[in-house]
Amino acid sequence: MDHYGGMHFTWWIVWFIFLAWIFFIPTDIPYQKIKKESPLDILKKRFVQGKISKEEFEESKTILKSEN
């Protein structure tokens, strides 16, 4: 009896597709992806950390808002 014919071969294909899907799955799965920070979020974080002054923050914020 041929073990690679019929359903046996079909199950190998199913397992191959399943494993390929796991390893090549897109990274944008809603419940698993890391939230990407917007430029405004990064700007706010830099302001809170004291890396930029209030004037720089306000100027950059108006530039970012005018681009949208």
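**Group meeting: a three-helix model**

The protein exposes about 6700 Å², and carbon and sulfur atoms supply 66% of that area. Keep in mind that this is a predicted model.

Confidence next. The average pLDDT of the protein is 81. A score of at least 70 is reached by 74% of the residues. Among the helices, α2 has the highest mean, at 92. Helix α1 has the lowest, at 83. A general caution applies: where pLDDT is low, the predicted coordinates should not be read in detail.

Now the fold. The protein has three helices and zero strands. Reading from the N terminus, the order is α-α-α. Helix α1 covers residues 7-23. Helix α2 covers residues 39-48, and helix α3 covers residues 54-67. How much of the protein is buried? Of its 68 residues, 6% count as buried.

Let's start with the surface. Look for a nonpolar patch made of Trp11, Val14, Trp15, Phe18, Leu19, Trp21, Ile22, Phe23 and Phe24. Together these residues have about 1100 Å² of accessible area. One of them, Trp21, sits in helix α1.

Stay with the aromatics. The model has three aromatic pairs. One joins Trp15 and Phe18. Their ring centres are 5.9 Å apart, and the planes meet at 85°, so the pair counts as edge-to-face, for which the cut-off is over 60 degrees. Why do these two residues sit about one helical turn apart? Because they are three residues apart in helix α1. Phe18 is at 40% relative accessibility, so this residue counts as partly exposed. Trp15 and Phe18 also belong to one aromatic cluster, with Trp21 as a further member.

Another pair is Phe47 with Phe57. This one is stacked: 4.7 Å between centres, 20° between planes. The two residues are ten apart, and the pair links distant parts of the chain. Phe47 belongs to helix α2, Phe57 to helix α3. Is each ring buried or exposed? Phe57 has 9% relative accessibility, so Phe57 counts as buried. Phe47 has 32%, so Phe47 counts as partly exposed.

Now a residue in contact with Phe57: Leu43. Leu43 is found in helix α2. At 8% relative accessibility, Leu43 is buried. The cut-off for that label is under 20%. Which residues does Leu43 touch, leaving aside those up to four places away in sequence? The answer is Ile52, Phe57, Ser60, Lys61 and Leu64. Take Lys61 from that list. Leu43 and Lys61 are 18 residues apart along the chain, yet their C-alpha atoms are separated by 7.7 Å.

Ser60 is also on the list of Leu43 contacts. Ser60 has another distance to note, this time to Pro39. These two are 21 residues apart in sequence, and 9.8 Å apart in space, C-alpha to C-alpha. Pro39 lies in helix α2. Its relative accessibility is 52%, so Pro39 counts as exposed. The cut-off there is over 50%.

Last topic: charges. How many salt bridges does the structure hold? Two.

In one, the side chains of Lys45 and Glu37 meet, at 2.6 Å from N to O. Lys45 is partly exposed, with a relative accessible area of 40%. Glu37 is partly exposed as well, at 42%.

In the other, the side chains of Glu58 and Lys61 meet, at 3.9 Å from N to O. The cut-off is within 4 Å, so this pair counts as a salt bridge. Both residues are in helix α3. They are three residues apart, which means about one helical turn between them. Glu58 is partly exposed, at 33% relative accessibility. Lys61 is partly exposed too, with a relative accessible area of 22%. So Lys61 does two things here: its side chain meets Glu58 in the salt bridge, and the residue touches Leu43.

To recap, with the model open. Find the nonpolar patch, and Trp21 within it. Move to the stacked pair, Phe47 and Phe57. Then go to buried Leu43. Finish on Glu58 and Lys61 in their salt bridge.

How values were computed
Residues are numbered from 1 along each chain as its sequence is written. This is a predicted model: local features need pLDDT of at least 70, side-chain atom pairs count only at pLDDT 80 or more; totals for chains, interfaces and linings use all residues. Side-chain values use heavy atoms; hydrogens and water are left out. Patches are made of residues with over 30% relative accessible area and no salt bridge: like charges are joined within 9 Å, nonpolar side chains (Val, Leu, Ile, Met, Phe, Trp, Tyr) within 5 Å. Accessible areas come from the Shrake-Rupley method with a 1.4 Å probe; for residues, only the protein chains shown count as cover. Helices (H or I, at least four residues) and strands (E, at least two) are DSSP runs, numbered from the N terminus. Rings of Phe, Tyr and Trp (its six-membered ring) pair if their centres lie within 6.5 Å; planes under 30 degrees apart count as stacked, over 60 as edge-to-face and the rest as tilted. Buried means under 20% relative accessible area, exposed over 50%, partly exposed in between (1.4 Å probe, protein chains only). pLDDT is the predictor's confidence in each residue, from 0 to 100. Contact means heavy atoms within 4.5 Å.
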